Amino acid sequence: MDIDTFIRRFEAGLATLEGVSIEEARRRYDTICASFAPADPAGMRIHDDQVEGVPVRRFLPASSQPGCVVYCHGGGWNLGSTISHHGVAASLAQQLGREVVSVDYRLAPEASYRDALEDCRRVVVACAPHALVGDSAGARLAMDVAYGGDWQGPLGLIYPPVGKPSVKALGPDAPLLSRVDILTLWRQVADQLPDIPVDTPPASRMDVLAVEHDPLTRPLLNAVDDWRAFGAEVSYRVAPDMVHGALHAWASLPAMGDAWQEFCEALRVRLS
């Protein structure tokens, strides 16, 4: 599959979310994202569970090292689930050779950003993971969990919103995600996020993955430069020609798959 085909398919799916209830929009979003996922790796054990009252989905590879990794899914804080990001979490577990605990945190508008953050924090505290990973909105949650606690392990971030997004700070519009999209979602949570300077690294060791065509990439690169200047050890890679959301199709988009495997390998080395 080429990137244009992915964009057309994803745009067509997103169009079906308009004019339906939030519950139906979430079901349709789960279906769209899951449609790009490959089959689960052979021998992987997957089951739904609860950790401190928070729903999670556990992914245990057939061959795994001790210790788990907590994963926070994307979706703009109002969409997404352990279903929509099942393929990403399964691949992460397989490539790291570790159990991955995917957090089904509460979503807006029924819940606040603080509620979602508290769900993620409770799972992290209870599981004591060896690494914390998130993509998009979930990457921001992972950052804020790390900022707010005594996080010492590696942090994996996939196209996160960093700092305080603004028209001036963001890069140009791109397929599947515009500056207006970002700012609209941001306004819904801005007064609930921890007020932490963008140049302060959320962790001392980080692996970061971005895509070429994404308004979030410009501020993310600036943040990476600041974090490195602050003394953090940060690996950074950009998937060429890819767009926000392309991680769902890592198995069928060669450029995304290569960057994703490099990201996972860097994180795996840190864990070993």
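## Exercises around His73 and helix 3

Leaving out neighbours within four places in sequence, His73 is in contact with Leu79, Gly80, Ser81, Thr82, His85, Val103, Asp104, Tyr105, Leu107, Asp135, Ala137 and Gly138. Keep in mind that this is a predicted model.

**Exercise 1.** Work out where His73 sits and whether His73 is buried or exposed.

*Solution.*
- Start with the chain: His73 is in the loop between strand 3 (68–72) and helix 3 (86–96).
- Now check the surface: the relative accessible area of His73 is 0%. Buried means under 20%, so His73 is buried.
- Then look across to Ser102, which is 29 residues away along the chain: the C-alpha atoms of His73 and Ser102 are 7.3 Å apart.

**Exercise 2.** Do the same for His85, and find which side chain makes a polar contact with the His85 side chain.

*Solution.*
- His85 also belongs to the loop between strand 3 and helix 3.
- With a relative accessibility of 2%, His85 counts as buried.
- The polar partner is Ser84, side chain to side chain, at 2.7 Å.
- Skip residues up to four places away in sequence, and His85 touches Tyr29, Tyr71, His73, Gly74, Asp135 and His248. Asp135 turns up in the contact lists of both His73 and His85.

**Exercise 3.** Explain why helix 3 can be called largely enclosed by the rest of the structure.

*Solution.*
- Count first: nine of the 11 residues of helix 3 are buried, so the helix is largely enclosed.
- Name them: His86, Gly87, Val88, Ala89, Ala90, Ser91, Leu92, Ala93 and Leu96.
- Next, find the cover. What lies over these buried residues includes strand 1 (45–51), strand 2 (54–60), strand 3, strand 4 (99–103), strand 5 (131–135) and helix 8 (254–271).
- Finish just past the helix: Gly97 follows helix 3 and has a positive phi, near 65°.

**Exercise 4.** Decide how helix 1 and helix 2 are oriented to each other, and what kinds of residues make up their contact.

*Solution.*
- The axes of helix 1 (residues 3–15) and helix 2 (residues 22–34) come within 9 Å and cross at roughly 170°.
- Angles over 145 degrees count as roughly antiparallel, so helix 1 is roughly antiparallel to helix 2.
- On the helix 1 side you'll find Phe10, Gly13 and Leu14, which meet Tyr29, Ile32 and Cys33 of helix 2.
- Sort the residues of this contact by type and you get five nonpolar, one polar and no charged.
- One link back to Exercise 2: Tyr29 of helix 2 is among the residues that His85 touches.

Methods
Residues numbered from 1 in each chain as written. Predicted model: local features only at pLDDT ≥ 70, side-chain atom pairs only at ≥ 80, totals over all residues. Heavy atoms only, no water. Helix = DSSP H or I, 4+ residues; strand = E, 2+ residues; numbered from the N terminus. Buried < 20%, exposed > 50% of the residue type's maximum accessible area, 1.4 Å probe, protein only. Contact = heavy atoms within 4.5 Å. Axes fitted to C-alpha atoms, helices over the stretch in contact; angles between N-to-C directions. Parallel < 35°, antiparallel > 145°, perpendicular 65-115°, else oblique. Nonpolar A, V, L, I, M, F, W, Y, C, P; charged D, E, K, R; others polar. Polar contact = N/O pair within 3.5 Å; in protein donor to acceptor, adjacent residues only side chain to side chain.
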